[in-house]
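Grab your viewer and have the coordinates loaded. Below is a handful of exercises, each with a solution worked through in steps.

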Amino acid sequence: MSDDTALPRASQPTGACLFDGQPAVHLRSPAGAQATVLLHGAHVVSWIPALGEEQLYLSPTSALGGTAAVRGGVPVIFPQFNQQGPLPKHGFARNRAWALQEATVRGEHAFAVLRLDADEATRAIWPHGFALEMTVSVDARRLEMELAVINTGDSTIDFQAALHTYLRCGDVGRAQLEGLQGINYQDAVLDQPRQQWVDVVTIAQELDRIYWEAPRELLLREAGRKVRIIASQFEDTVVWNPGPEKCASLPDMPDEDWPQMLCVEAAQIGNPVRLSPGEEWAGMQTLVVED
Ligand SMILES: O=P(O)(O)OC[C@H]1O[C@H](O)[C@H](O)[C@@H](O)[C@@H]1O
């Protein structure tokens with residue numbers, strides 16, 4: 001992925017930018033950490049901690065413009081997870097143009113706020129009033145993503161939501177996701193409920209699981225790298241890798257790229273959130289690179 005701006009991305013200040021020709025916002029913290037968020041979907045497509053390397057996987061063959069969902073980064077899932085209801089898969093938030101409200105550096109942080117309001121197109125498929133606010137913040141070693149949902153309508157809303165984070169891996173077969181032992185999950189590949197006995201390791205084929213009421217903190221560990229994954233308010237965690245066969249069937253991802261990613265998604269699936277008019281809910285996922 002290349003930028004279309006004159007400045008190399010490493011030198012871009014906090015503010016509006018283009019990413020592969022698409023409207024985006026770039027964040028640069030005083031310590032030099034960076035993140036880039038597309039206005040399409042409020043989709044985080046890059047996170048580079050200070051003195052670090054890219055931490056997110058973004059498919060080089062994913063279309064970033066138009067109405068298609070982006071393969072990689074952090075898709076925002078709202079108001080439906082997967083195909084668990086009548087709406088398009090994973091809802092509509094990831095396929096809409098969000099508005100940039102603010103992009104600022106404050107203290108050690110650089111952050112941006114993006115907003116999506118109900119409009120005619122969303123009401124046509126989901127007849128409710130709502131506003132979404134996505135706040136993305138970086139400091140030296142940390143990426144914080146908060147999705148807030150406000151019921152701006154005059155009737156109750158029920159929704160599922162997720163931050164569908166594609167973590168970059170050197171080789172997912174040698175990576176380890178720690179913290180899920182003892183947790184019950186729905187195995188979407190086997191279509192069966194199961195329980196996790198050991199850490200999630202040696203992924204070599206499709207893995208697609210919803211862990212119910214998962215621990216707040218998980219750790220992705222691979223040679224020379226540890227990323228702590230902290231969820232707040234999101235009760236469930238989805239872990240997904242397409243494996244070789246499913247990856248080969250995805251038109252927006254190179255066949256050989258599946259070992260380079262693992263989705264660890266902060267999600268609210270089992271207990272949809274219910275908001276009365278005027279009420280608000282917010283869920284957060286924080287990623288921290290550790291020594
Ligand atoms: O291809 P997408 O619509 O982006 O969905 C990608 C994946 O998202 C989640 O992780 C689901 O659990 C998977 O079943 C799904 O395949």
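The exercises go from model confidence to the sheet, the core, the ligand shell and a few backbone oddities.

**Exercise 1. Decide how far to trust the model, and where to be careful.**

Step 1. Keep in mind that this is a predicted model. Start with the global scores: the predictor gives the complex an ipTM of 0.98 and a pTM of 0.96.

Step 2. Go to the per-residue picture. The protein averages a pLDDT of 95, and 97% of the residues score at least 70.

Step 3. Look for the weak spot. Over residues 1–5 the pLDDT is below 50, although this stretch has 13 contacts in the model beyond near neighbours in sequence. Where pLDDT is low, the predicted coordinates should not be read in detail.

**Exercise 2. Trace the 9-stranded open sheet from edge to edge, then zoom in on the β15 end.**

Step 1. Write down the order: β6-β7-β8-β9-β21-β18-β17-β12-β15, with antiparallel pairing. The edge strands are β6 (99–106) and β15 (200–201), each of which pairs on one side only.

Step 2. Start at β15. Its antiparallel pairing with β12 (residues 176–178) runs over 2 bridges, and in β15 the bridge partner of Gln176 is Val201.

Step 3. Move inward. β12 is joined to β17 (residues 217–222) by 3 bridges, again antiparallel, with Leu177 opposite Leu220 in β17.

Step 4. Take one more step. β17 and β18 (residues 225–232) run antiparallel and share 6 bridges; here Leu219 stands opposite Arg228 in β18.

Step 5. Check the connection. β17 and β18 form a hairpin with 2 residues between them, and Gly224 in the turn has a positive phi of about 75°.

**Exercise 3. Work out which strands pair with β10, and how covered β10 is.**

Step 1. Count bridges to each partner. β5 (residues 76–77) pairs with β10 in the antiparallel sense over 2 bridges, while 6 bridges join β10 to β20, also antiparallel.

Step 2. Pick a residue pair for each. Val76 is opposite Leu163 in β10, and Asp158 is opposite Arg274 in β20.

Step 3. Check burial. β10 (residues 157–163) is mostly covered, with 6 of its 7 residues buried.

**Exercise 4. Find the hubs of the largest nonpolar core and follow their contacts.**

Step 1. List the hubs. Among the core's 82 residues, Val37, Leu167 and Leu262 touch the most other members. The largest share of this core, 7 residues, comes from strand β20 (residues 261–275).

Step 2. Place Leu167, which is found in strand β11 (residues 166–168). Leu167 counts as buried because it has 23 C-beta neighbours inside 10 Å, and the cut-off is 20 or more.

Step 3. Follow its contacts, skipping neighbours within four places in sequence. Leu167 is in contact with Gln55, Leu56, Tyr57, Leu220, Val227, Met261, Leu262 and Val264.

Step 4. Do likewise for Leu262. Its contacts include Leu167, Cys169, Val172, Ala175, Leu177, Leu220 and Asn241. So which residue turns up in both lists, apart from the two hubs themselves? Leu220 does, and Leu220 is the β17 residue that stands opposite Leu177.

**Exercise 5. Describe the shell around the ligand.**

Step 1. Collect the residues: Ala69, Asn82, Lys89, His90, Ala188, Asp208, Val238, Trp240 and Cys263 surround the ligand.

Step 2. Sort them by class. The shell divides into 5 nonpolar, 2 polar and 2 charged residues.

**Exercise 6. Inspect three backbone oddities, and say whether Ala42 and Leu51 are buried or exposed.**

Step 1. Look at omega. Phe78 and Pro79 are joined by a cis peptide bond, with omega about 0°; Pro79 sits in the loop between β5 and β6.

Step 2. Look at phi. Ala42 has a positive phi near 50° despite not being glycine, and Leu51 likewise has one near 55°.

Step 3. Place them. Ala42 lies in the loop between β3 (34–38) and β4 (43–48), and Leu51 is in the loop between β4 and β5.

Step 4. Count neighbours. Ala42 counts as buried because it has 31 C-beta neighbours inside 10 Å, whereas Leu51, with 11, counts as exposed.

Note on methods
Residues are numbered from 1 along each chain as its sequence is written. This is a predicted model: local features need pLDDT of at least 70, side-chain atom pairs count only at pLDDT 80 or more; totals for chains, interfaces and linings use all residues. Two strands pair if DSSP finds at least two bridges between them. Helices (H or I, at least four residues) and strands (E, at least two) are DSSP runs, numbered from the N terminus. A residue is near a molecule or strand if its C-beta atom, placed from the backbone, lies within 6 Å of it. Ala, Val, Leu, Ile, Met, Phe, Trp, Tyr, Cys and Pro count as nonpolar, Asp, Glu, Lys and Arg as charged, and the others, Gly among them, as polar. A nonpolar core is a set of buried Ala, Val, Leu, Ile, Met, Phe, Trp, Tyr and Cys residues joined through C-beta atoms within 7 Å. A residue is buried if 20 or more other C-beta atoms lie within 10 Å of its own, exposed if 12 or fewer, and partly exposed in between; C-beta atoms are placed from the backbone. Two residues are in contact if their C-beta atoms, placed from the backbone, lie within 7 Å. pLDDT is the predictor's confidence in each residue, from 0 to 100.
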